Amino acid sequence: MAIQKLYAGVKLRETRTRAGLTQKDFAARLGLSLPYLNQMENNNRPVSTSVVLALASEFGLDVTELSSGDGERLVSDLREALADPIFAGKAPPTADLRLTASNAPGLAHAFLALHQSYRQVHERLASLDEALGREDARATPSPWEEVRDFFHYCDNYIDAVDRAAEHFATRKGTTGDARTTAMAALSNAGVSVVFDDDDRLRAYDPAGKTLQLSARAAPETQTFQLLLQVALTRQDALLEATLDLARFHSAAARDIAKIGLANYFAGAALLPYGRFLEKAQACRHDLEVLAGHFGASIEQVAHRLSTLQRPGAKGIPFFFVRVDQAGTITKRHSATRLQFARFGGACPLWNVHRAFETPGRFLRQLAETPDGVRYISLARDISKPAGRFGAPVRRYAISLGCEVRHAPALVYADGMDINRAEAFEPIGISCRICERRDCHQRSVPPLERQLVVDPHLRDVLPYRVE
């Protein structure tokens, strides 16, 4: 596989602006000529190794930030949007999309927002009987999607909240037990905690300062809800300041994001960054060992592993996804080059869908995406019973994975033939944008390709993709 050149003009400009330097002074600090720096900032030249080293030594830059997943996320989202039938003709080549994501990320985000508005208008017109006569029938971003994209483009790592949670969990005087620490913090804030035989996981009465938790919930769920209440009670100023910086378009989006940030704080306090990263590396990312050590669930551990993107102390770049039994993605994040479709489900060849067939077991898979990148993927079903007869059981499957080059750091890679090309199953992102021409599980034709239909031939597919 050819090594991609590193173009990081946006990151160079951000670093220079943050340091308050002119191009001339910045070039001098890096040991470059002014024209050479100008070409790199405009992505006319790749960033050289000497410049990478100079950025690290002169400005303390975490060099892994230069190749962060934000550009890949933008490229993936642009490809999916441009596969919409409204864009007639051949889709722009991937090289053009990479240039757009690198040189004009603001324009790329504006284009995605415009396409999202178009989709929402189209969906409203498709259900005109519901939209007619409604005063709120306007093309505004869905609050849920707006919040999803906020976390997506923050690399699912919120530094201020993460560090505050870590300080809360590890500060002097704490026992190291997240549940005890949370209970003490709520007690100091005058909040009483009551465990009742109730279907609701958490109910808080602000007037009486009483927190009611379900006694039927799993212990790790109870602890998580305690920490979430700590975030809402003790960290409100931090959450509000973070929301101010995000500048959401609606009050609904802000409210959803606040709960999301409180959940983030809870997860980061239950699994504090430094301790969690150290233990994860020591046990080679064994999810069951981590869950037992920190008193967390498998899903909580897997999700936390995908957020370890702190500058200067990054963990393995993982992807994490959760799907329901219909294949709909309900949670998604990727710090890798693998990016999930914004709309629809995941590739049917992915092992996450088979996890429902083998409850309680980890499934391993070696997979290769159309761009030639190889991954190791771990999948498992997750059941969430309500704790009483007759109550509905929520069932999901989760998947955690990373590029196969990190296999030595994963206990799950032991015994797998990662050096044999035939061991890797071909997977895609979603059928509508997948480039594979002979996939036996393709559900719909790729929208950016021409089709040839031969009435005298029936192969794996009823058409041929040009």
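**Strand pairs, a buried helix and two nonpolar cores**

Q: In this predicted model, which residue of strand 3 stands opposite A203?
A: Start with the strands themselves: strand 2 covers residues 202-205 and strand 3 covers residues 210-214. They pair in the antiparallel sense over four bridges. Standing opposite A203 in strand 3 is Q212.

Q: Which residue takes a positive phi in the hairpin of strand 2 and strand 3?
A: This hairpin has four residues between the strands. The residue there with a positive phi, near 50°, is K209.

Q: In what sense do strand 6 and strand 9 pair?
A: Strand 6 (residues 363-368) also pairs with strand 7 (residues 374-384), in the antiparallel sense over six bridges, with Q365 opposite S377. With strand 9 (residues 425-426), strand 6 has two bridges, and E368 has P426 as its bridge partner. The sense of the pairing between strand 6 and strand 9 is parallel.

Q: Where does the hairpin of strand 6 and strand 7 take a positive phi?
A: Here there are five residues between the strands. The phi in question is near 90°, and the residue that takes it is G372.

Q: Is helix 9 largely enclosed by the rest of the structure or largely open?
A: Look at who's buried in helix 9: E145, E146, V147, D149, F150, F151, H152 and Y153. That's eight of the eleven residues in a helix running over residues 143-153. So helix 9 counts as largely enclosed.

Q: Are helix 9 and helix 14 roughly parallel or oblique to each other?
A: Their axes lie 8 Å apart, and the packing angle is about 45°. On the contact side, P143, W144, E146, V147, F150 and F151 of helix 9 meet A252, A253, I256, A257, G260 and L261 of helix 14. Angles under 35 degrees would count as roughly parallel. This pair is therefore oblique.

Q: Which helix gives the most to the largest nonpolar core?
A: That core has 70 residues, and F265, L287 and L305 touch the most other members. The top contributor spans residues 251-270 and supplies ten residues: helix 14.

Q: Which histidine does L305 touch, leaving out residues up to four places away in sequence?
A: L305 touches F276, A280, L287, L290, I316, F318 and L400, among others. The histidine in that set of contacts is H285.

Q: How many residues are in the other core, apart from the largest one?
A: Its members include L338, W350, V352 and Y375. It lies apart from the largest core, and its residue count is 22.

Note on methods:
Residues numbered from 1 in each chain as written. Predicted model: local features only at pLDDT ≥ 70, side-chain atom pairs only at ≥ 80, totals over all residues. Heavy atoms only, no water. Core = buried A, V, L, I, M, F, W, Y, C linked by side-chain atoms within 4.5 Å. Buried < 20%, exposed > 50% of the residue type's maximum accessible area, 1.4 Å probe, protein only. Contact = heavy atoms within 4.5 Å. Pairing = 2+ DSSP bridges. Axes fitted to C-alpha atoms, helices over the stretch in contact; angles between N-to-C directions. Parallel < 35°, antiparallel > 145°, perpendicular 65-115°, else oblique.
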